[in-house]
Amino acid sequence: MRHMAVASPLLTSPPTVSPFLRQTRSYKRTLIRSSSSASSPMDLHHPKRVVVCGGGVIGVCTAYFLAKSGAAVTLVEKSSVACAASGKSGGFLALDWCDGGPLSSLARASFNLHRSLAQELDGPNSYGYRSLTTLSLTVTESQSSKPSGKSDLPSWVDGPGRSPRTIGTTETTAQVHPQLFTRTLISKAAEDYGVDVVIGKLEHLGVDDGRVNSVVLEGGRVIDSDAVVLALGPWCGKFELLSSLFRVYGIKAHSIVLEPKEPEAITPHALFLSYYPSQGGKPLDPEVYPRPTGEVYVCGMSAEAEIPDDPEQIVGNPESIEMLKGVASSVSSHLREGEAQVKAEQACFLPCTDDGVPVIGEVPGVKGCYVATGHNCWGILNGPATGAAVAELVLDGKASIVDLSRFSPARFVGLKKG
């Protein structure tokens, strides 16, 4: 089953939504303050020095929970916080959609952590946290008739939808604006818990007698550390220490963000579609997420592709973007050309592993070096519990919120050829 899918580096909130603009200003203040942060009272207690590499949702959640627990945390990000999948994804959350698989306990713990964080950080106003009703339905592009079974669909879904079914309730599905969530969290971590945000490219790790002791950035800057967390998303596959042990590859997923003329007509219903294009072929599985900002996010059209070195260089394939516009037009007259403005056309890479399970744990052979990657389309959902669990693992030697043994990178030892 899947969803993908950030807005461009610029936030796409309309200017009338003042809480979101206030959050954006807070994030900018964080970057200014963190670049020259002063020593905090924690320095007196010689806290554990941890460098988290990667400014996506996994790295930011890890930095947040580490710092909240008293660690002295530096977060290193090559470009900008939430510039890749953590900014361009759908932000869909589900309590029980991973039940029966290895992600079940992680997903349930993280869904509940999202609720707690939303209370702590004023999520509804800060980053668009809200509960959703989630529907599945079938749409055939060539049909122009009104939807059958219309009484089961929200009024704005006025295209040729059929066979609607409720697959998530307000108790089991929710959403966040992923870029705003990630940036709200790093702002809180920097302002309240002293996280230092450094913009720079990871070059290599300093290792002595099998234990990590520093991070070396491009240009030669050295950041001393007692522990390092590598949360580089799909770029973990380009870091030799990790790629020599296991494969992380990227699934390129596309999305568009629309701003309808009548946003008040769009109710909080997420749509998972079986979409039959007019030219025939296998059905596609796009998804539609209305946001409380008044925007509507549409994603899909995913395939494995080569990951560029620079996340800012990622652009969508024109044919995939056009297909998503067609999906939007077929689903609702409110989302057709002339009725909705296209705010973003984008793509991002979802980090995937060969066995479909995230990699979370200490890297074999390098004490104090940890990895957290491979969350595929569930990175936003599982970010909080992953971050909390990694923080426990780094500081206490064992995670209690989730059993991480299933995710350990040690499972790959001896499997990688050549």
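Two strands pair if DSSP finds at least two bridges between them. I kept that cut-off at hand for the sheets, and I note that this is a predicted model.

**Entry 1. The three-strand sheet**

I began with β9 and β10 (residues 211-217), which pair in the antiparallel sense over six bridges. To fix the register I looked up V207, whose bridge partner in β10 is V212. The open sheet here has three strands in the order β9-β10-β11, and the pairing is antiparallel. β9 (202-208) and β11 (222-224) stand at the edges with a single partner strand each, so one side of each has no neighbour in the sheet. I noted an average turn of 30° between neighbouring strands of this sheet, direction ignored.

**Entry 2. The seven-strand sheet**

Next I traced an open sheet of seven strands, ordered β6-β5-β14-β15-β16-β13-β17, with mixed pairing. Its edge strands are β6 (161-168) and β17 (340-353), each of which pairs on one side only. Here neighbouring strands are turned by 25° against each other on average, direction ignored.

I then went to the β17 edge. Strand β13 (residues 248-260) runs antiparallel to β17 and is joined to it by 13 bridges. For the register I recorded S255, which has Q346 in β17 as its bridge partner.

Which strands does helix α8 lie across? I listed β5 (133-140), β13, β14 (269-276), β16 (296-304) and β17 for α8 (residues 318-331). The helix runs at about 45° to β13.

**Entry 3. Helix α2 against α6**

I looked up the packing of α2 (residues 57-68) on α6 (residues 178-193): the axes come within 9 Å and cross at roughly 25°. The two helices are therefore roughly parallel to each other, and I logged their crossing as left-handed. From α2 the contact takes V57, V60, C61, Y64, A67 and K68; from α6 it takes F181, T182, L185, I186, K188, A189 and Y193. By class I noted 10 nonpolar residues, one polar and two charged in this contact.

**Entry 4. Helix α2 against α9**

How do α2 and α9 cross, left-handed or right-handed? I found the crossing right-handed. The axes of α2 and α9 (residues 379-396) come within 7 Å and cross at roughly 40°. I therefore entered α2 and α9 as oblique to each other.

On the α2 side I listed V57, I58, C61, T62, F65 and L66. These meet G379, I380, G383, P384, T386, G387, A388, V390, A391, V394 and L395 of α9. The α2 and α9 contact divides into 12 nonpolar residues, five polar and no charged.

**Entry 5. Helix α4 against α9**

I checked α4 (residues 104-120) against α9 as well, where the axes come within 7 Å and cross at roughly 90°. α4 and α9 are therefore roughly perpendicular to each other. L106, A107, A109, S110, F111, L113, H114 and L117 are the α4 residues that I recorded. They meet I380, L381, N382, G383, P384, A385, T386 and A388 in α9. I sorted this contact into 11 nonpolar, five polar and no charged residues.

**Entry 6. Aromatic rings**

Last, I looked at ring pairs, with centres within 6.5 Å as the cut-off. The count comes to 11 aromatic pairs. Which residues form one aromatic cluster? I wrote down F92, W97, F272, Y289, Y297 and W378.

Key:
Residues are numbered from 1 along each chain as its sequence is written. This is a predicted model: local features need pLDDT of at least 70, side-chain atom pairs count only at pLDDT 80 or more; totals for chains, interfaces and linings use all residues. Side-chain values use heavy atoms; hydrogens and water are left out. Axes are lines fitted to C-alpha atoms, for helices over the stretch in contact, and angles run from 0 to 180 degrees between N-to-C directions. Helices (H or I, at least four residues) and strands (E, at least two) are DSSP runs, numbered from the N terminus. Angles under 35 degrees count as roughly parallel, over 145 as roughly antiparallel, 65 to 115 as roughly perpendicular and the rest as oblique. A crossing is left-handed if the near helix is turned anticlockwise from the far one by less than a right angle, and right-handed if clockwise. Contact means heavy atoms within 4.5 Å. Ala, Val, Leu, Ile, Met, Phe, Trp, Tyr, Cys and Pro count as nonpolar, Asp, Glu, Lys and Arg as charged, and the others, Gly among them, as polar. Rings of Phe, Tyr and Trp (its six-membered ring) pair if their centres lie within 6.5 Å; planes under 30 degrees apart count as stacked, over 60 as edge-to-face and the rest as tilted.
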